Amino acid sequence: MQELVQTYLQEFTSNADLKGTSALLGAALAAVFGGSVPLMSALVTLWVLDFVLGFKRAWRLGSLSRHKFRSGLFKIVLYMITILVMGLTEFSLGNLLPIRDLMISYLCVTEALSCIEHLSFFGVPIPQALRDRLKNYRDCLHECQLPQGGSK
């Protein structure tokens with residue numbers, strides 16, 4: 001039993017600098033992005049699914065492209081920057097408006113539509129009503145504009 005504890009402690013303390021730095025960086029990123037919330041987890045999951053399904057679709061079509069790969073990664077980086085800006089804006093407003101959550105919701109709907117398109121390509125039957133509903137949500141979120149200030 002004592003050997004087991006010693007082995008565990010040795011493994012636990014090996015590369016402590018790297019592990020501590022990684023934990024600190026992860027905690028800082030989680031704080032900057034607004035903490036770990038189910039919406040953010042859903043978005044990351046949808047990003048991964050969209051990437052895997054899109055890669056598999058491109059593989060099957062024989063249309064793998066470095067340009068598409070890079071642009072997809074760049075899109076995710078821009079989305080993350082957008083979420084960061086929305087989170088900072090929400091924080092500066094005293095958390096009065098859920099701006100960051102609205103942005104993440106919009107991105108989730110967009111990524112879900114992309115995943116559904118990929119799944120349809122592979123022959124998964126997706127009800128048209130579901131597709132239409134998600135497109136309506138996306139379009140409504142995309143086209144909704146806040147009222148402009150000023151008097152009439």
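With which residue does Glu-111 form a salt bridge? In this predicted model, the partner is Lys-75, and the closest N and O atoms of the two residues are 3.6 Å apart. The pair brings together distant parts of the chain, since Glu-111 belongs to helix H5 and Lys-75 to helix H4, with their positions 36 residues apart in the sequence. The two partners can also be described by their surroundings. Glu-111 has a relative accessible area of 2%, under the 20% limit, and is therefore buried. Lys-75, with a relative accessible area of 31%, is partly exposed.

A wider view of the chain helps to place this pair. The chain contains 6 helices and 0 strands, and read from the N terminus its elements follow the order α-α-α-α-α-α. Of its 152 residues, 19% count as buried. The accessible surface of the chain amounts to about 11500 Å², and carbon and sulfur atoms account for 66% of that area. Contacts were also examined by their separation along the sequence: among those between residues at least 6 apart, 66% join residues at least 24 apart.

Helix H5, the home of Glu-111, covers residues 99–121 and has 23 residues. From its first C-alpha to its last, helix H5 reaches 34 Å, close to the 33 Å expected at 1.5 Å a residue. Just after this helix comes Gly-123, which takes a positive phi of about 95°.

Salt bridges number 2 in the structure. Side chains of opposite charge can pair when their charged atoms come close. Besides the bridge between Glu-111 and Lys-75, there is one in which the side chains of Asp-101 and Arg-100 meet, with an N to O distance of 3.4 Å. Here Asp-101 is partly exposed, at 26% relative accessibility, whereas Arg-100 counts as buried because its relative accessibility is 6%, under the 20% limit.

Aromatic side chains offer another set of pairings, and a search of the whole structure finds 4 aromatic pairs. One of them joins Trp-47 and Tyr-79, whose ring centres lie 6.4 Å apart; their planes meet at 10°, so the pair is stacked. This pair, too, links distant parts of the chain: Trp-47 sits in helix H3 and Tyr-79 in helix H4, 32 residues apart. Trp-47 is buried at 8% relative accessibility, and Tyr-79 is likewise buried, with a relative accessible area of 18%.

Turning to the surface, a nonpolar patch is formed by Val-44, Val-48, Phe-51, Val-52, Phe-55, Trp-59, Leu-64, Phe-69 and Leu-73, which together have about 860 Å² of accessible area. Helix H3 (38–61) and helix H4 (66–92) are the elements that give two or more residues to this patch. H3 gives the most, with 6 residues. A useful residue to look for is Val-52, a member of the patch that lies in helix H3. At 49% relative accessibility, Val-52 counts as partly exposed, because exposed residues are those over 50%. Helix H3 thus holds both the buried Trp-47 and the partly exposed Val-52.

Key: Residues are numbered from 1 along each chain as its sequence is written. This is a predicted model: local features need pLDDT of at least 70, side-chain atom pairs count only at pLDDT 80 or more; totals for chains, interfaces and linings use all residues. Side-chain values use heavy atoms; hydrogens and water are left out. Patches are made of residues with over 30% relative accessible area and no salt bridge: like charges are joined within 9 Å, nonpolar side chains (Val, Leu, Ile, Met, Phe, Trp, Tyr) within 5 Å. Accessible areas come from the Shrake-Rupley method with a 1.4 Å probe; for residues, only the protein chains shown count as cover. A salt bridge is a side-chain nitrogen of Lys or Arg within 4 Å of a carboxyl oxygen of Asp or Glu. Helices (H or I, at least four residues) and strands (E, at least two) are DSSP runs, numbered from the N terminus. Buried means under 20% relative accessible area, exposed over 50%, partly exposed in between (1.4 Å probe, protein chains only). The expected span of a helix is 1.5 Å times one less than its number of residues. Contact means heavy atoms within 4.5 Å. Rings of Phe, Tyr and Trp (its six-membered ring) pair if their centres lie within 6.5 Å; planes under 30 degrees apart count as stacked, over 60 as edge-to-face and the rest as tilted.
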